[in-house]
Amino acid sequence: MHPADTHDLIRVQGARENNLKDISIDIPKRRLTVFTGVSGAGKSSLVFATIAAESQRMINETYSAFVQGFMPTLARPDVDLLEGLTTAIIVDQERMGANPRSTVGTATDANAMLRILFSRLGSPYVGPPTAYSFNVPTRKASGVMSTEKAGRVERSVVSQAVYLGGMCPRCEGMGNVSDIDRAALYDEAKSLADGALTVPGYSMDGWYGRLFEGMGLPMDKPIAKFTKKQLDTMLYAEPTKIKVEGINLTFEGIIPKIQKSMLSKDPEAMQPHVRRFVERAVTFQRCPECDGTRLTREALSSKINGKNIAELCSMQITDLAEWLRGLGKAGSTAAPLVKGLQHLLDSFAEIGLGYLSLDRPAGTLSGGEAQRTKMIRHLGSSLTDVTYVFDEPSIGLHPHDIERMNKLLLQLRDKGNTVLVVEHKPETITIADHVIDLGPGAGTAGGTVCFEGTVEGLRQTDTITGRHLDDRARVKDAVRSSTHAMEVRGASTHNLRNVDVDIPLGVLCVITGVAGSGKSSLIHGSVAKRDGVVVIDQAAIRGSRRSNPATYTGLLEPIRKSFAKANGVKPALFSSNSEGACPTCNGAGVIYTDLGVMATMESPCEECEGRRFQASVLEYTLGGKNIADVLAMPVSEALEFFDTGDARTPAASRILDRMADVGLGYLSLGQPLTTLSGGERQRLKLATQMGEKGDVYVLDEPTTGLHLADVEQLLRLLDRLVDSGKSVLVIEHHQAVMAHADWIIDLGPGAGHDGGTVVFQGTPADLVADRSTLTGSHLAAYVGETEPAR
C-alpha cells in the first residue's frame with residue numbers, strides 16, 4: 001500500500017470539550033458515521049465543538065494575518081490530539097439570516113443565474129444582470145470620470161451616465177411599504193419634557209433631551225401646540241449637524257430614524273419591546289408601484305417566452321424547472337447557464353424542497369428547510385475527500401422524505417467524502433457504516449463512549465440507544481372523545497385550498513403530512529391568533545453567554561427573593577449582572593484576552609474562580625447553599641432542594657417541575673445558553689411557555705432533538721396536559737406521536753400546489769387501516785402492519 005493511502009482514520013484523543021470525559025475514538029474516513037445518544041450526551045460537543053471546530057480553525061490559519069483580521073477568531077478545542085482531519089463543511093440547523101432582502105433564490109444563487117439568463121435572452125433588452133436585481137438601485141451620475149490605465153489617468157466628462165439596477169424606487173426592493181401611525185409615536189397632550197414620545201429608546205433624561213432642545217424644539221410645550229414647522233422638524237428632519245454643549249451631534253427626525261433603525265430589520269430579529277412597538281405603530285402593505293415584486297417597471301417589462309423574472313421567481317420550483325425544460329431553441333444560446341440552473345432546481349426537488357418558490361423570504365424557512373437549502377450547494381460540488389457534518393438532517397421531514405434524505409447522504413459518501421451525522425431517528429441510524437453512541441446519560445452523566453461499531457452491534461448492546469433502536473409504538477386501543485371542536489372554514493393561507501376542518505378540543509390532536517403540505521399554514525394562519533391559544537414554535541432562542549436557563553425561564557427571580565428574604569438583604573446582590581457581580585470579570589466568570597489576529601484567550605477569573613459573584617455575596621446562604629452552589633445544580637437536584645426545608649420556594653419548584661417534565665432534568669441552572677443544543681433550546685422554550693395561561697396548546701415538532709427514550713417522557717407530558725383539561729394540538733412527523741394521538745388530521749397528498757387539502761381525519765387506527773395516504777402507509781409500517789409505500 002502506498003504510504004499516502006494509509007491515512008484512513010480521523011483520530012481523536014483526550015477530548016474534554018464541555019461534558020466530554022477525556023474520550024478517544026477512531027472515525028473511519030470515506031464512510032457514513034452516525035453519532036447517537038440521549039440529548040445532552042455530548043454528541044455536538046464531539047462532532048461540532050471538537051472535530052469540525054478544529055478543522056475550521058486550521059483552515060483559517062492558512063490565510064494571511066490581514067485576512068484573518070476579518071474572520072471570526074476560533075479557540076483551539078480542549079483536546080490532546082486530532083489526526084487525519086480533512087476540510088469540514090458544516091450543515092447545521094441554524095435558521096437562515098433574518099435579512100428581509102434575503103430569499104431562497106438569493107441564498108442559493110438561483111436568482112443570480114436567472115438574472116444573467118434575462119440579460120442574455122430577455123426581450124426587450126433592459127440591461128446587464130444588475131438591471132434585474134431588487135438589491136441594486138438605478139444610479140445616475142454627471143461630472144468628470146477618471147479611469148486609470150497603464151499608469152496614467154484618463155479623465156472624461158460624462159452627462160447623465162446611468163448605472164442600471166432593478167430595485168423598485170418606491171419600496172426600495174422590499175416588496176412592501178410602511179405607513180406609520182403618528183398617534184402611536186407621541187401623546188400630543190404632553191410635552192417632550194413630560195415624556196410625550198412613546199418610541200422605544202427616546203428618553204428625554206439624557207442626550208436625546210439636549211439634542212431636541214438644541215434643535216430649537218420647545219421642551220415644556222404640549223406637542224398639540226407645536227407650530228407646523230416645529231412638528232415637521234421633530235418628525236421628518238433630514239440629518240442635521242448641530243453643536244450641543246460644545247459637542248458635535250447629529251439630529252434626525254423620528255420617522256426617518258425609525259425607518260433606518262427598525263423597519264430595515266426583520267421583525268423576528270427585533271427585541272420583544274421593539275417588535276411590539278412596530279406592530280402597534282406601523283402598517284405594512286404591498287407596494288403599489290411594483291405590486292410586491294420588488295422590481296422596476298423596466299425589469300418587469302423584459303420577458304422570456306411570455307414570462308418576466310418576477311413571475312418565474314414566484315413559481316413553485318418544480319414548475320420553474322419544467323418551464324426551463326420547455327425553453328428549447330430559445331435557451332440554446334445560453335446552454336451552459338440553462339444546464340447549471342436546471343441542475344440547481346432539480347436539486348431542490350431531490351431534497352424535498354420543490355414546493356418552495358425562489359421569492360420565499362429566507363427568514364420564513366423552518367430549521368429543517370434551512371438546513372436542506374444549505375445542502376443544495378454541496379450536492380453538485382466537485383469536491384471530494386472533505387468531511388460533511390450534519391446536525392439531525394431528518395428534522396422537519398416526513399418518513400417518506402427521510403428516505404430521500406438518506407439517499408443524498410449516501411451519495412455524498414459514495415463520492416469519496418467522510419459524512420458525520422448527529423441523529424436520533426432510527427431510519428437514518430440504520431444506514432450508517434459506523435455508529436458511535438455517547439452517554440450513558442446527559443450532562444454530567446454523559447460524555448463517554450458507550451458503543452462503537454456497526455448498527456447490528458448497537459442492537460445487541462445494553463445502551464439506551466441499543467435498547468430503544470427497534471422500539472415500535474402501538475396504536476392506542478382506546479382514544480379520548482371530543483365534545484366540541486374549533487371550526488376552521490375557508491383556510492387559504494399559502495398553498496391551502498379553501499380548507500374546512502373541525503379540530504377536536506379536549507384531546508391530543510396531531511396534524512401531519514409531508515413537508516410543504518400546508519400543516520404550518522393551517523395552524524399559524526387559522527388557529528394561532530385565536531384567544532386562549534398558546535403557540536410553542538421553533539423560533540430560535542437568542543441569548544448571550546450571560547443568559548442561562550435560570551434567567552431565561554424566570555427562575556432566578558424567585559430564587560433571588562428567597563435568598564434576600566433569608567438574609568435580610570437586597571435581591572440585586574444575587575444577580576451576576578447586577579450589584580452582586582464580581583468586579584474583576586463583571587459577572588462573566590471568565591476573563592477574555594484579545595490577541596489580535598489570534599484566537600481570543602478565555603481564562604477563569606482568578607478573583608471569583610469562575611463563580612461570577614463577589615466573595616461577600618457568597619457568604620449569604622439558603623438551606624446551607626450559596627447562590628453559586630445553587631446555579632451549579634442540575635434541575636433534578638434543584639427541584640429537590642427548593643421543595644423541602646428552609647429553602648422551600650413554591651414559585652421556583654413550579655418552573656423546575658416544567659423543566660424536568662420536558663426532559664431537562666440534567667441541565668445546570670447556570671449553564672450558558674450558548675452551550676445548549678438546538679433540541680435543548682426548544683425544550684427550554686417549551687418549559688417556559690407551558691407556564692402561560694391558555695386552553696389550547698399548539699406545539700410545532702416538539703420531538704426535535706429528542707432521543708427515542710425521551711419521546712416516551714414527552715408523550716406522558718402531553719397526556720398530563722390533556723388530562724388536566726387542556727386541548728393539545730401537535731404538528732409532528734414522529735410515528736410514535738402519531739400512534740399516541742386521539743385524532744389525526746393528515747394534509748397532502750403532496751407538497752406545495754400538490755398539497756393544501758385534508759386527505760384524512762380520524763383516529764390513528766383508522767389511518768393505519770385506511771393506508772390510502774403516505775402517512776397512513778408509513779404509520780402502518782412503523783407499527784408493524786405492512787411495508788411502507790415507495
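**Close-up 1. Helix 14 packed on the sheet of the predicted model.** In this predicted model, helix 14, formed by residues 399–414, lies across strand 3, strand 12 and strand 13. The helix runs at about 150 degrees to strand 13.

**Close-up 2. Helix 1 across five strands.** Helix 1 comprises residues 43–60 and lies across strand 3 (32–36), strand 5, strand 12, strand 13 (418–422) and strand 14 (434–439). Relative to strand 5, helix 1 runs at about 130 degrees.

**Close-up 3. Strand order in the open sheet.** The sheet is open and has six strands, in the order 5-12-13-3-14-15, with mixed pairing. Strand 5 (88–91) and strand 15 (448–453) stand at the edges; each has a single partner strand, so one side of each is left without a neighbour in the sheet. From one strand to the next, the twist averages 20 degrees.

**Close-up 4. Pairing of strand 5 with strand 12.** Strands of a sheet pair through backbone hydrogen bonds, in either a parallel or an antiparallel manner. Here strand 5 and strand 12 (residues 387–391) run parallel and are joined by four bridges. Within this pairing, Val91 has Phe390 of strand 12 as its bridge partner.

**Close-up 5. The largest cavity, between domain 1 and domain 4.** The model contains three cavities of 30 Å³ or more, and the largest has a volume of about 140 Å³. Its lining consists of 17 residues, of which Glu392, Lys425, Thr703, Thr704 and Gly705 are the closest to the centre of the cavity. By class, this lining has four nonpolar, eight polar and five charged residues. Domain 1 (3–93 + 368–469) and domain 4 (471–541 + 688–789) both contribute residues to the lining, so the largest cavity lies between them.

**Close-up 6. The second largest cavity, lined in part by helix 24 and strand 22.** This cavity has a volume of about 50 Å³. The residues lining the second largest cavity are Ile536, Gln682, Arg683, Leu686, Leu699, Asp700, Glu701 and Pro702. Helix 24 (678–689) and strand 22 (696–700) are the elements that give two or more residues to this lining. Helix 24 provides the largest share, three residues. The lining of the second largest cavity divides into four nonpolar residues, one polar residue and three charged residues.

Conventions. Residues numbered from 1 in each chain as written. Predicted model: local features only at pLDDT ≥ 70, side-chain atom pairs only at ≥ 80, totals over all residues. Heavy atoms only, no water. Pairing = 2+ DSSP bridges. Axes fitted to C-alpha atoms, helices over the stretch in contact; angles between N-to-C directions. Contact = heavy atoms within 4.5 Å. 1 Å grid on protein atoms, 1.4 Å probe; cavity = no way out; pocket = protein on both sides within 12 Å on 5 of 7 lines; lining within 4 Å. Points joined across faces, edges and corners; volume = space filled by probe spheres on them. Nonpolar A, V, L, I, M, F, W, Y, C, P; charged D, E, K, R; others polar. Domains from an automatic or database assignment.
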